[in-house]
Structure formats: structure tokens, C-alpha cells
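Here is a short note on one sheet and on the cysteines. Please read the points with the structure open.

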Amino acid sequence: MATNESDSFLRKPKYEHDYYEDDQPMNEFIIWLEDLGFDNHQGLRIGSTDLGRGMVATKAFECQNDITIVPREAILGDDSKIIGDNGRVGEFLRQNITEGLELVALMILYERFVRAENSFWYPWIKILPKQLSHTVYWNEEELNEVRGCALYELTHCLHRQLQKKHLEYKKLLVPDYFPEEALTLENYKWAICSSWARTFLITVYDEFDDSKHTNVTAFVPFADMLNYHAERNCKAQLDASNKFFRIWAPWPISKGEQLFVEYGNKGNTELMMYYGFHLENNPFSAVRLSFCIEPNDRFLDKKKQILKSQIDLEPFLTGSDGAQWFEVQIGKVDLTYAVEEDQVKVLPFLRVLVCDDENELDIAVKEIKNILSLTNELNIYVALKMKCESLIASYPTTPADDLKILSTENLSNYHRFAAIKTRLEEKQILMETVSRTEIMINDLNQAININQT
């Protein structure tokens with residue numbers, strides 16, 4: 001049952017520190033958590049930060065200290081039992097929805113829009129953001145600000161995917177499990193975006209055998225207010241007893257320091273699509289580059305074979321004329337940088353792409369991480385430079401235009417601000433790559449000339 005509002009209005013949280021004078025819903029949420037066994041130990045406070053609402057340490061923590069713990073009963077996960085009609089809805093969802101994020105999205109949708117005030121999680125749901133900044137919420141004018149960026153096409157693609165999923169779920173769940181007025185596209189969009197941004201992948205250990213475990217996708221109230229940073233200062237996980245979700249310090253944390261977790265090596269395109277924010281100076285930001293092996297390339301089949309066997313790369317698109325399109329990414333660190341661990345490295349791919357020598361391709365069949373020849377290496381940097389210059393020219397604005405807008409206009413619209421920052425960041429990555437390739441082209445030309453004399 002939800003906390004009785006009249007009772008909670010008369011009560012205050014256990015610690016005066018946890019009392020939010022002007023935020024009664026937050027007080028009711030803290031009291032609800034305390035009734036389940038939550039104890040903040042006066043160690044944290046939810047407050048406004050430069051990244052929005054966040055979690056700030058109100059005392060110093062030593063390395064390995066628990067910062068706070070959230071009782072397991074508060075967690076809403078894909079193994080939760082308390083949901084609708086004595087568990088009938090939850091059981092049906094678990095039997096028919098296999099993807100964890102989709103499952104918990106439908107669960108929170110049901111709890112917010114069907115059970116509402118009767119939901120066990122109502123005190124928490126009441127404080128969740130109702131307006132989100134994920135790019136699927138941007139209007140067309142705002143999206144046009146990133147025209148030319150991968151974010152533009154990816155967001156439109158994501159829109160189509162959400163619409164398709166929503167229709168599938170309506171067919172599966174309405175009217176037997178969800179009323180039609182609850183399972184709208186807007187409600188589903190809110191639920192799935194909240195799931196992307198606020199859930200944890202939790203390891204749950206077997207009660208009798210610690211070597212056995214399952215992974216559960218779950219909302220963890222209170223812990224879900226931790227903000228993201230590439231350099232995290234805390235960790236969060238279910239304890240071995242499966243009774244509490246721990247937020248703890250892997251190294252010392254100072255009083256007044258904001259607490260951060262990290263989601264992995266994610267660039268700003270991914271952060272904006274799935275989490276709804278742009279991170280300044282993000283070391284993992286990257287630009288997608290598409291390259292084509294023409295259908296009349298005499299080594300087309302051999303190149304496809306090498307790319308598949310050596311770096312597990314297959315075309316993402318085959319043109320109507322038989323052209324094979326491949327995609328790689330360049331980032332801020334160097335040309336071999338990859339956004340994901342299993343992402344192809346740029347230079348090995350390009351060595352195969354530009355190769356027109358059968359003997360060199362025979363070498364590439366066994367190894368493409370090393371230089372095939374100076375001429376081949378020169379050609380890959382020329383191809384990369386031309387691709388980057390072409391993309392820079394395709395943007396509707398220049399970097400100077402973007403910098404002027406950011407410095408002179410009052411950008412109160414966060415969507416427009418994030419869009420301009422994103423397109424400027426992409427151009428800067430491309431321009432830095434052009435500068436690096438020009439240096440390599442000059443060095444390689446000199447090496448080739450020396451070899452020829």
C-alpha cells in the first residue's frame with residue numbers, strides 16, 4: 001500500500017537533515033523508504049546541482065564505506081511480484097516480455113497510469129520527472145538543429161521503433177491486462193525513456209549457492225537519482241544477502257561532493273537519445289562514418305571475407321546496385337578509438353577498403369592490424385580526410401556559427417542548447433581528425449619519396 005498522505009504530512013523523516021521543507025512529495029517518499037528499512041545515516045541529500053537534481057554527500061566517506069542502503073522491497077524489477085490483480089498482470093508480462101528494459105517499462109507504466117494512488121510505489125512515482133529531454137521528445141524544429149548529425153536520423157529511427165513496439169503491446173495487452181487509455185503511445189514513451197535513464201542491471205545471487213546468479217533489470221528508488229559522470233566516485237549494487245541495494249565509496253568522498261555513477265563508454269549521441277542529457281567534455285563522443293565498397297570492385301568478395309573474419313564487420317546496408325556499406329566511428333582519442341569494446345577499429349577497416357593489390361589482401365587475410373604498405377597507408381588517410389571534409393561541408397552551419405549562437409543567445413530551451421553543442425562537438429572531432437590525417441599524409445609522402453630515391 002502507498003503511504004497514507006494525511007499521516008505522512010504530519011510526520012517528518014527520521015533525520016532532520018532528510019526533511020525537505022518545501023517539497024512534501026519528497027518527504028513522503030523518504031518516509032515511505034524509511035518504513036521499508038531505509039536509513040540514510042545523515043550521509044546524503046537530494047538537491048539541485050549543475051546537472052539538475054542530484055545526490056550530494058553531507059559528510060565525508062572513507063574508502064569502502066557504505067554511503068546508504070535501499071531495502072530490496074523498494075526495488076521495482078523484472079522479478080517484482082507486487083503488481084496488479086494479485087500479480088496477474090506481472091506474471092503475464094514476465095511470461096511474454098523477454099527483454100528486461102521493456103518489461104520494467106510496462107511495469108512502471110501500469111503502476112503509474114493504472115494503479116496510480118493505489119500503487120505500492122506511488123510515493124516514489126510521484127516524484128519522478130514527468131517531462132523528459134530524450135531526443136524522441138524533441139519537436140521537428142529542435143531536431144532540425146542536428147540535421148547532418150547521426151543523431152537526427154537515429155532519433156527518427158527510434159521514433160519508428162517505439163511506434164511499432166507500442167502497437168505490438170496494445171495488441172498483446174489491451175483490454176485484458178491494460179485499459180486502452182493507459183497504454184497510449186505517450187505513456188509508453190515516458191515509461192521506456194524512464195527505464196533507459198533510471199534502471200540498474202542488478203546481480204541477484206542464489207539463496208543457497210553464491211556461485212549462481214541472475215541479472216535483473218530494475219528501478220531502485222533513491223539510487224535512481226544518482227547522476228552520471230565519466231569519472232564516477234561511487235558504486236551501486238545489491239549486497240550478497242539480496243536484502244539491500246548498496247551505494248558505497250570505492251575511494252574517499254569529501255563532504256559536499258556530488259555522487260556520480262557511470263553507464264559505460266557512451267558518447268553524447270547515445271546519452272541524449274537514451275538518457276536525455278549532453279555531457280560537457282565527454283571523452284567518449286564519436287562521429288559515425290559510412291564507407292562503401294563499390295559493386296565493381298574486383299576484390300569485393302575477398303574484402304567482405306577479410307572484414308568478417310578479421311574484425312567481425314559486416315555491411316549494414318547493401319545498395320540496390322550491390323554496393324556494400326560499412327560503418328565505423330572516430331573519436332577524440334585517436335584514430336583507433338572505438339566507442340564500444342566490440343566496435344571495429346578504423347584503420348584496419350580502411351586498410352582493406354582502399355586496398356587494390358592482391359598480394360596485400362593475401363597478407364590482410366592473416367593480419368590487418370599492421371601496415372600493409374606505405375602506399376596503402378597513405379591511401380587510407382587520404383580517404384579518411386576526404387570523408388571528414390565532406391561531412392564538415394554537409395552541416396548547415398559552421399563551427400563559428402555555433403560558437404556565436406552559444407556565446408550571444410540566451411538558450412533557455414535545453415533541447416536547442418544540447419543540439420547546438422552536439423553538432424559543434426561532431427564538427428570539432430572531424431576537424432581534429434582532418435588535422436591528424438594531414439600530418440600523416442605529409443609524413444607518408446616523405447617516407448615514400450625516400451624509398452623511391
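Is Cys193 buried or exposed?

1. Cys193 is buried, as its relative accessible area is 0%. Keep in mind that this is a predicted model.

2. Cys193 has no sulfur partner. The closest cysteine sulfur belongs to Cys157, and at 14 Å it is too far for a bond. A disulfide would need the two sulfur atoms within 2.5 Å.

3. Cys149 tells a similar story. Its relative accessible area is 4%, so this residue counts as buried, the cut-off being under 20%. Its closest cysteine sulfur sits in Cys388, 14 Å away, which is too far for a bond.

4. The wider search agrees. Across the whole structure, 0 disulfides are found. A disulfide is a covalent link between two cysteine sulfur atoms.

5. Now the sheet. It is open and has 3 strands, ordered E11-E13-E12, with antiparallel pairing. Strands E11 (286–293) and E12 (317–318) are the edges; each has a single partner strand, so one side of each lacks a neighbour in the sheet.

6. Look next at how E12 is held. E12 and strand E13 (residues 324–331) run antiparallel and are joined by 2 bridges. Leu317 has Trp325 in E13 as its bridge partner. Helix H13 (residues 374–394) packs on this sheet and touches E11 and E13. The directions of H13 and E11 make an angle of about 115°.

7. In general, sheet strands pair through backbone hydrogen bonds, in parallel or antiparallel fashion. Here the pairing is antiparallel.

Terms used: Residues are numbered from 1 along each chain as its sequence is written. This is a predicted model: local features need pLDDT of at least 70, side-chain atom pairs count only at pLDDT 80 or more; totals for chains, interfaces and linings use all residues. Side-chain values use heavy atoms; hydrogens and water are left out. Two strands pair if DSSP finds at least two bridges between them. Helices (H or I, at least four residues) and strands (E, at least two) are DSSP runs, numbered from the N terminus. Contact means heavy atoms within 4.5 Å. Axes are lines fitted to C-alpha atoms, for helices over the stretch in contact, and angles run from 0 to 180 degrees between N-to-C directions. Buried means under 20% relative accessible area, exposed over 50%, partly exposed in between (1.4 Å probe, protein chains only).
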